Amino acid sequence: MFDKLKSIKKGYVKSRDKPDQSLPYAKVQKRGKWIRRFVKIALVLVGLSGAIAFIKASNVSQINHKLIAKMKTYDDKLEKASMGQSVYSPSLNRYAQGFFQTYFTQSDNDDDKQKRLKALKKYFATNISSTIYDNQDSQKETYVGSRLLNTFTKNDVKIAQYQVGYTVGNDKNTIIRVFNLPFAQKAGQYTVLALPYATTEQDIVGHVGKIDQDDTNNATLASSDKVQAFVKAFSEKYVSSKASDMSLIMKEPEGLEGQYAAKSIDQINVSSSKNSMNIKYLLTLTDTETKLEHSEQINLTVSPKGSTYYVVKMIHTQGGLLN
């Protein structure tokens, strides 16, 4: 009896102590499956983000290269544009005049010839043979002077155009010719790239622009006592006062400090809008020291201020801008 109870108790204990592993194992398997799936998804996302980042970086790099190339293009265009207009450079002028003095000074003395070639070698590019500029002829040539006419760019080469004077032989009459000097410039230094070549002087006089102006004239307003009085009072104060004294009647004060006197006011032209008025006129001035006269075109933009006007803008041309 007791043995039977012991065996039953022993079996119960064994049965109670032995866990049922089937259900937890299924849960572990399911959880592991989701973890593996999550890791795979995470790895895919990391890979995609890396690829996207690489693509973006490549695009940024390409954009940067394009911007750098575009900036260089703009710089080149700006340099060409700046070289295309008449400019004065003291350092270029000093360099070019030194070159022309050496180039157009020729002697029939052999020692002088060698000195000339040695001096010219400092000006020409290093890969130019001296035989190129050894153009010494049998006649004596003496440099008289030169002056800068223009600088421009042709076929991507900078050119300095000079008027050069020199004499030939014992003739005292000065020959004046125009020569173009191809040169390179870097860090304030210059190099002659080719022999100077002769040309004719460019005509710089022409009609290339018009004054941007409003020809509408309010004749009644222009001849009114109020406008006439204001123009006269303003002009006299402008020529006699300092800029600081004009601050009460001008937004951007100007003054000639008594260096000139207003002699006459002519050709008053007035056009008006709702809140402002343009007054254009010709002002003739007399220099108080030399008594010389000159005329200036004045364009005033004014707004009402009490019984008179306030100068919002003053331009020293009738229109202010060129087309």
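Histidine 316 is partly exposed, because its relative accessibility comes to 35%. Keep in mind as you look around that this is a predicted model. Histidine 316 sits in the segment after strand S9 (308–315). Which residues does histidine 316 touch, if you skip residues up to four places away in sequence? They are Tyr238, Glu254, Glu296, Gln297 and Ile298. With one of these, glutamate 254, there is a polar contact from side chain to side chain, at 3.0 Å. You can also look across to lysine 280: that residue is 36 residues from histidine 316 along the chain, and the two C-alpha atoms are separated by 9.7 Å.

## Salt bridges

Now for the charged side chains. Here's the general idea: side chains of opposite charge can pair when their charged atoms come close. How many salt bridges does the structure hold? There are 3, and here they are:

| Residue pair | N to O distance |
|---|---|
| Aspartate 110 and lysine 113 | 4.0 Å |
| Lysine 232 and glutamate 236 | 2.9 Å |
| Glutamate 293 and lysine 263 | 2.6 Å |

Take the pair of glutamate 293 and lysine 263. Glutamate 293 belongs to strand S8 (residues 293–305) and lysine 263 to strand S6 (residues 260–272), so their bridge ties together parts that are 30 residues apart in sequence. Is lysine 263 buried or exposed? Lysine 263 is exposed, because its relative accessible area is 51% and the exposed class begins over 50%. Glutamate 293, at 45% relative accessibility, counts as partly exposed.

Aspartate 110 and lysine 113 are both in helix H4, 3 residues apart, so about one helical turn separates them. Aspartate 110 is exposed, with a relative accessible area of 53%, while lysine 113 is partly exposed at 27%.

Lysine 232 and glutamate 236 share helix H7 (residues 225–240), where they are 4 residues apart, about one turn of the helix. Both ends of this bridge are partly exposed: lysine 232 has 46% relative accessibility, and glutamate 236 has 38%.

## Rings meeting rings

Let's turn to the aromatic residues. A pair of aromatic rings is described by the distance of the centres and the angle of the planes. The structure holds 15 aromatic pairs. How are the rings of phenylalanine 99 and tyrosine 123 arranged? Their centres are 5.6 Å apart and their planes meet at 70 degrees, so the pair counts as edge-to-face. This pair links distant parts of the chain, since phenylalanine 99 is in helix H3 and tyrosine 123 is in the loop between H4 and helix H5 (130–133), 24 residues apart. Phenylalanine 99 and tyrosine 123 are both buried.

Ring pairs also join up into a cluster, with Tyr95, Phe99, Phe100, Tyr103, Phe104 and Tyr123 among the members. Others in the cluster include Phe124, Tyr162, Tyr166, Phe179, Phe183 and Tyr190. Tyrosine 103 has a charged visitor too: arginine 116 lies over the face of this ring, 5.5 Å from the ring centre.

## The nonpolar cores

In soluble globular proteins, nonpolar side chains tend to be buried together. Here, the largest nonpolar core has 25 residues, and the members that touch the most others are Phe99, Phe100, Phe104, Phe124, Tyr162, Val164 and Val192. Which elements give two or more residues to this core? They are helix H3 (90–103), helix H4 (110–121), strand S1 (141–154), strand S2 (157–168), strand S3 (175–186) and strand S4 (189–192). H3 gives the largest share, 6 residues.

Valine 192 makes a good place to look at this core. Leaving out residues up to four places away in sequence, valine 192 touches Tyr95, Phe99, Tyr123, Phe124, Ala125, Ile128, Leu181, Pro182 and Phe183. Another core lies apart from this one, with 23 residues, including Ala222, Ile268, Ile279 and Leu285.

## A buried threonine

One last stop is threonine 167, in strand S2. Is threonine 167 buried or exposed? Threonine 167 counts as buried, because its relative accessibility is 10% and the cut-off for buried is under 20%. Not counting residues up to four places away in sequence, threonine 167 touches Lys140, Glu141, Thr142, Val144, Lys172, Asn173 and Thr174.

Methods
Residues are numbered from 1 along each chain as its sequence is written. This is a predicted model: local features need pLDDT of at least 70, side-chain atom pairs count only at pLDDT 80 or more; totals for chains, interfaces and linings use all residues. Side-chain values use heavy atoms; hydrogens and water are left out. A nonpolar core is a set of buried Ala, Val, Leu, Ile, Met, Phe, Trp, Tyr and Cys residues joined through side-chain atoms within 4.5 Å. Buried means under 20% relative accessible area, exposed over 50%, partly exposed in between (1.4 Å probe, protein chains only). Contact means heavy atoms within 4.5 Å. Rings of Phe, Tyr and Trp (its six-membered ring) pair if their centres lie within 6.5 Å; planes under 30 degrees apart count as stacked, over 60 as edge-to-face and the rest as tilted. A charge sits over a ring if NZ of Lys or CZ of Arg is within 6 Å of the ring centre and within 35 degrees of the ring normal. A salt bridge is a side-chain nitrogen of Lys or Arg within 4 Å of a carboxyl oxygen of Asp or Glu. A polar contact is a pair of N or O atoms within 3.5 Å; within protein, one must be able to donate a hydrogen and the other to accept it, and residues adjacent in sequence count only if both atoms are side-chain atoms.
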